Amino acid sequence: RSPPSSLPPPPRNSRLNSMATEAQAQWVLTATGRSPTNIAVIKYWGKRDEALILPVNDSISVTLDPDHLSATTTVAASPAFPSDRMWLNGKEIALSGGRFQSCLREIRKRARDVEDEKRGIKIKKEDWEKLHVHIASYNNFPTAAGLASSAAGFACLVFTLGKLMNVNEDYGELSSIARQGSGSACRSIYGGFVKWCMGKSDDGSDSMAVQLVDESHWDDLVIIIAVVSSKQKETSSTSGMRDTVETSPLLQYRAQTVVPGRILKMEEAIKNRDFESFARLTCADSNQFHAVCLDTSPPIFYMNDTSHRIISLVEKWNHSEGTPQVAYTFDAGPNAVLIARNRKTAALLLQRLLYCFPPQENNLDRCV
């Protein structure tokens, strides 16, 4: 997505004249990036540090195909911009929030010299602190509907800002910065299966993502997302996590006792492409995550009756086959992420979904 075409005129008495002449002050330098969303198969829910976004447990996710679910971001810098501004899906949003500012600050801190000889543009690393940026981001899927739009968005923002400012950090460092925008964003820096290591340091320096395997490791898997509702969820992930940490005894048991063992088993299942173990772990962890939400006071309801019917459909099918054919997982929303073991199974799954939940005209909540 291109940045807005109507740009403000350059200030008459620019403080950046040391960088560029009046003629050069009209330049705009841009960079564009795309980041996919990710779906956790071992869930992240609950922070031990709200400001730094440090989780109470490790998590593992699968990164989706960027052609289907991704954020595309264009960042522009120019001496003509009097302030930082951002547009999301064509609508301007405030950049004053602490999470946006953390990402901007950390990338600017790591910026390096940039030179475009053809256009006569030369930016020294210290100049990035004075240059303002315009950011235009677009999601090709519903925002705040439990499909990890913030994960894709902040990962893309950090990656594209780093690209524009010639940042030399590795993906691990970038994931640590993206985490400060949205926890799950750190996992969208990589493709394939990704683990977010919770870390132990109080400053969060060791809380970052690592790639377990790349996207080619287990390419038999097919993921179908049943969009039960594209409406914005009533309880945001941020407030929901906060309430859960404060009120749910089950969360502490989950984080300290259950998840560490599941992480090890899930890593082994992914390494060996063991779908039976993978499916059982994925479904169990999704169900426990939503049990934790129900254990919160007041209880949080992310799934609805249609979500429960999808779970029932998959459980009955898996039981009738004697071994799992499909894994289901639900993030903080009613939409089902269904992982089939191969394309043949995915085709059968789609047939069953369309039979049980036929799309109806003018009713997007029933579309698959």
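**Exercise 1. Place leucine 174 in the fold and decide whether it is buried or exposed.**

Leucine 174 lies in helix 3, which spans residues 171-179; helices here are DSSP runs of H or I with at least four residues, strands are runs of E with at least two, and both are numbered from the N terminus. The model is a predicted one, in which local features need pLDDT of at least 70 and side-chain atom pairs count only at pLDDT 80 or more, while totals for chains, interfaces and linings use all residues. Residues are numbered from 1 along each chain as its sequence is written, and side-chain values use heavy atoms, with hydrogens and water left out.

The next step is accessibility: leucine 174 has a relative accessibility of 7% and therefore counts as buried, since buried means under 20% relative accessible area, exposed means over 50%, and partly exposed lies in between, with a 1.4 Å probe and protein chains only.

Setting aside residues up to four places away in sequence, leucine 174 touches Ile107, Val158, Val167, Glu169 and Ile189, where contact means heavy atoms within 4.5 Å. From C-alpha to C-alpha, leucine 174 is 9.5 Å from glutamate 106, although 68 residues separate the two in sequence.

**Exercise 2. Find which residues of helix 4 are buried, and what they pack against.**

In helix 4, residues 237-247, the buried residues are Gly240, Met241 and Thr244. Viewed down the axis of helix 4, these residues fall within an arc of 100°, so they line one face of the helix; the arc is that of the directions from the helix axis to the C-beta atoms. An α-helix has 3.6 residues a turn, so residues three or four places apart point the same way. The partners against which the buried residues of helix 4 pack are strand 3 (47-49), helix 5 (249-272) and helix 6 (275-295).

**Exercise 3. Work out the strand order of the open sheet of 4 strands, and which strands stand at its edges.**

The order is 2-5-12-13, with antiparallel pairing, and two strands pair if DSSP finds at least two bridges between them. Strand 2 (38-42) and strand 13 (208-213) are at the edges, each with a single partner strand, so one side of each is left without a neighbour in the sheet.

Within the sheet, strand 5 (residues 59-63) and strand 12 (residues 193-197) run antiparallel and are joined by 4 bridges; serine 61 has valine 194 of strand 12 as its bridge partner.
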